[in-house]
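I opened my notebook for a look at how some of the helices pack and what the record says. Here is what I looked up, entry by entry.

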Amino acid sequence: MNSLSVYLVLGAVLFSLGLFGVILRRNLIGMLISIELMLNGANLNFMAFNRFLAPEPAVGQIVTLFVMGIAAAEAAIGLSIILALFRRLHSINVEQARRLEG
Amino acid sequence: MMWLAKDPVLLAASACATLPFVSMVVILIFTRRYRSMSAAISISAIAACLLSALYLLWTLRHAPEPVQYQWAWIVSNDMIIPFGFLLDRLSLLMLTIVAVIAFLVQVYSLGYMAGDPGFSRYYAFQSLFAWAMMTMVIAPGMLQLYIFWELVGLASYLLIGFYYEKWSASQAGKKAFVMTRLGDIGFFLGIIAVLLGFGDLGILSMNEAAQAHRIAPSVVTLSALLIFCGVVGKSAQFPLLTWLPDAMEGPTPVSALLHSATMVAAGVYMMSRIFPFFAASPDAMAVTLFIGTVTMLLASTMAMVAYDIKQVWAYSTISQLGFMVMALGAGGYFAGVFHLTTHAGFKALLFLCSGIFIHEYHTNDMREIGRGGGRKLIIPMVCMTVGALALSGIFPLSGFFSKEAIMGVLAAKPNKVWLVAGLLGALMTAYYSFRLIFMILFPRQPAHHDAAHQGTGHDDHGHEAGHHGATFWAMAWPVMILAGITLVLGFFHKDLEHFLLGAGPAVHEAEFHGEGAGHGLGHYVLLFSAVSLALGGIVWAWLEFGRKGAAQEGFLRRYPKVEALFANRWYIDHAYRWLLDHLVYGGFTNLFTRNDRRVIDGAIDGICRFTVGGGRVVSFLQSGMVQYNLVLMVAGVGAVILFFVL
């Protein structure tokens, strides 16, 4: 098992844990944290490929920085949505927010 | 613009084809509120056209070949559609007629329309009318002719419905538009037939090719018959004749213009324009002759029972147009065009005279005009009598010469039915014209009416004498000029004939047969019988309406059924009504309505219902939980990845 595979497996594990969390957690903050985990799993992949395979070593790093920036924005927006929801429902349980039920 | 100045003929032709349009636009956009300025603009535009037309007539009177300015408008493979001016003898003559009549009518309208709220609008439409007609007259190709033909129809729609706040007027305008349109469909199909069968819409080339038998005879017959449909609509021939009497709803000067030199004349003009083309198809000519005869007789009978002064002249127009179509159908090119010319003069005269009466007495009923003292208006009364004499075809007046020419052509036909019909028409024409004249001249029930009206009558007279000012003279002068033209035009008969036929490109055998047969002893017998029949008609009218103690009822009063038949226009309108109700409304409209309600609406409603119902069913899938959606999304992406990887 070479070192690239180690990183890739680690990234996949991180991503899967995040996905698991997003789908199963009923707490909105928990879902947000799980999404951060998924993003970081993807980031790890970018960095690993950049380190071991890329002919131009800067590209993967730029993408990673970009993803981190987006993640920060996403966290800000996500948190404000959660805040608004909390003001309305007095709860951050996703099961309470079911207005779209058909 | 330099090239225009170098060629005065082109300059004059362009002036005719643009100035009235410019005047219409200027009036509609800038001077609607300044009445006198609108009238001045419109009249000066038409006066300039009149001068240009006279100049063209004078310059080109000896031109051996038609002068043609044309630019290819649409060229596609072998198909050429020209746009421009064609100045030959026929179009120059017609251009002059149109310009003269339009000019006189516009001057007359200064008096007739004075004080009307729509004064500027009226002059704008008059300009449009003159422009459309003049450009149509000098069109070198059938498509240009057709475009301006429709514009003439539009202008007459606008003018017939001029008093649009009046229900009957707007209905009459609509009727005129729709009925002529019915014929125009045929006309357009005819143009397409020419285009498919020959490929060139130039009038001269069409005429030449048809005469030289370079077009298949079936194509010529088919397209001639289709084009004749346009004439039937425009010139109010049977069976589309009922729009013209209703067109009386417009102001009287409009009727004068419509009935003499423009609208209805357009049909006959167009037919003589492509006369060689028609003449190449004996079948089409036979149909034309038949339709003309039927129209002439029907309309004459209708005129014999009408009491509305304008309606009598309207029926007489239809009948005279039928007469012209007969002449053309019998091969008498010159006779038809000559009658068109003289008729334009005396029919405008008759209408303008009637307009003065209507303006003074505010009624269209000839009995009331007579009782009101119509004969006190000397100038219009004399002029109207002159017009009626010309219409009846009495010797020194213009109508005599043109009617004789037509009778000569009809007599040359082997079948004498046409001649008999023509003579019968002449008799009826004289009868109904003088029925009207005598009813106004010798009113009945003068006893109590005059006694009651004596004082006011004199007052009226004094009042009239007072207001015989500019308004009256603006109406009287055009009338007198037209009466003068009617008096002398006949004596230029031979000159006109030489002018039209002299070096014309296509001279027709039928014409020469007609003339040849006309010059013998038979000619004098014919002349004598036609005039004596006309005189007989006048005497007949005198016996029934003129002499002292005459009942003024007419012999038709004794046959109430026949009278009702004539007064109801042979129930042609009723037939149309029935056809409309049963065939159009009951048949097509009903069918289409059902199609619309059941099939189209049903289909659309069905689609809507399906969509709504489908949405309702599918919405059960929506639980409102974000995470279920997320699971589905992940599964979907996974499936896509699996699909691409495996």
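**Entry 1: handedness.** Is the crossing of α4(B) and α22(B) left-handed or right-handed? I looked it up in this predicted model, and the crossing of the two helices is left-handed.

**Entry 2: α4(B) against α22(B).** I noted the bounds next: α4 covers residues 89-112 of chain B, and α22 covers residues 470-489 of chain B. Their axes are 6 Å apart, and the packing angle is about 150°. Angles over 145 degrees count as roughly antiparallel, so that is how α4(B) and α22(B) run relative to each other.

Which residues make this contact? From α4(B) I wrote down L104(B), V107(B), Y108(B), L110(B), G111(B) and Y112(B). From α22(B) came T471(B), F472(B), A474(B), M475(B), W477(B), P478(B), I481(B) and L482(B). Sorted by class, the contact holds 12 nonpolar residues, 2 polar ones and no charged ones.

**Entry 3: α4(B) against α11(B).** I stayed with α4(B) and turned to α11, residues 252-260 of chain B. Here the axes come within 9 Å and cross at roughly 170°. These two helices are therefore roughly antiparallel as well. On the α4(B) side I found I101(B), A102(B), V105(B), Y108(B), S109(B) and Y112(B). The α11(B) side supplies T252(B), P253(B), A256(B), L257(B) and S260(B). The classes come to 8 nonpolar, 3 polar and no charged. I marked Y108(B) and Y112(B) in my margin, since they appear in the contact with α22(B) and again in the contact with α11(B).

**Entry 4: the record for chain B.** An unreviewed UniProt entry places "domain: NADH-Ubiquinone oxidoreductase (complex I) chain 5 N-terminal" at residues 73-123 of chain B. I checked that span in the model: it is 57% helix and 25% strand, with its end C-alpha atoms 31 Å apart. The domain assignment, for its part, gives domain 1 as 2-460 + 474-567 and domain 2 as 574-645. The C-alpha centres of these two domains of chain B lie 58 Å apart.

**Entry 5: chain A.** Where does the record put "transmembrane region" in chain A? The unreviewed UniProt entry lists residues 6-24, 31-50 and 62-86. I looked at two of these spans. Residues 6-24 are 100% helix, with end C-alpha atoms 27 Å apart. Residues 62-86 are also 100% helix, and their end C-alpha atoms lie 36 Å apart.

**Entry 6: where the chains meet.** I finished with the contact between the chains, where 9 residues of chain A touch 12 residues of chain B. The chain A side has 5 nonpolar, 1 polar and 3 charged residues.

How values were computed
Residues numbered from 1 in each chain as written. Chains lettered and ligands numbered in written order. Predicted model: local features only at pLDDT ≥ 70, side-chain atom pairs only at ≥ 80, totals over all residues. UniProt positions renumbered as here; feature names shortened; annotations may be inferred. Helix = DSSP H or I, 4+ residues; strand = E, 2+ residues; numbered from the N terminus. Axes fitted to C-alpha atoms, helices over the stretch in contact; angles between N-to-C directions. Parallel < 35°, antiparallel > 145°, perpendicular 65-115°, else oblique. Left-handed = near helix turned anticlockwise from the far one by under 90°. Contact = placed C-beta atoms within 7 Å. Nonpolar A, V, L, I, M, F, W, Y, C, P; charged D, E, K, R; others polar. Domains from an automatic or database assignment.
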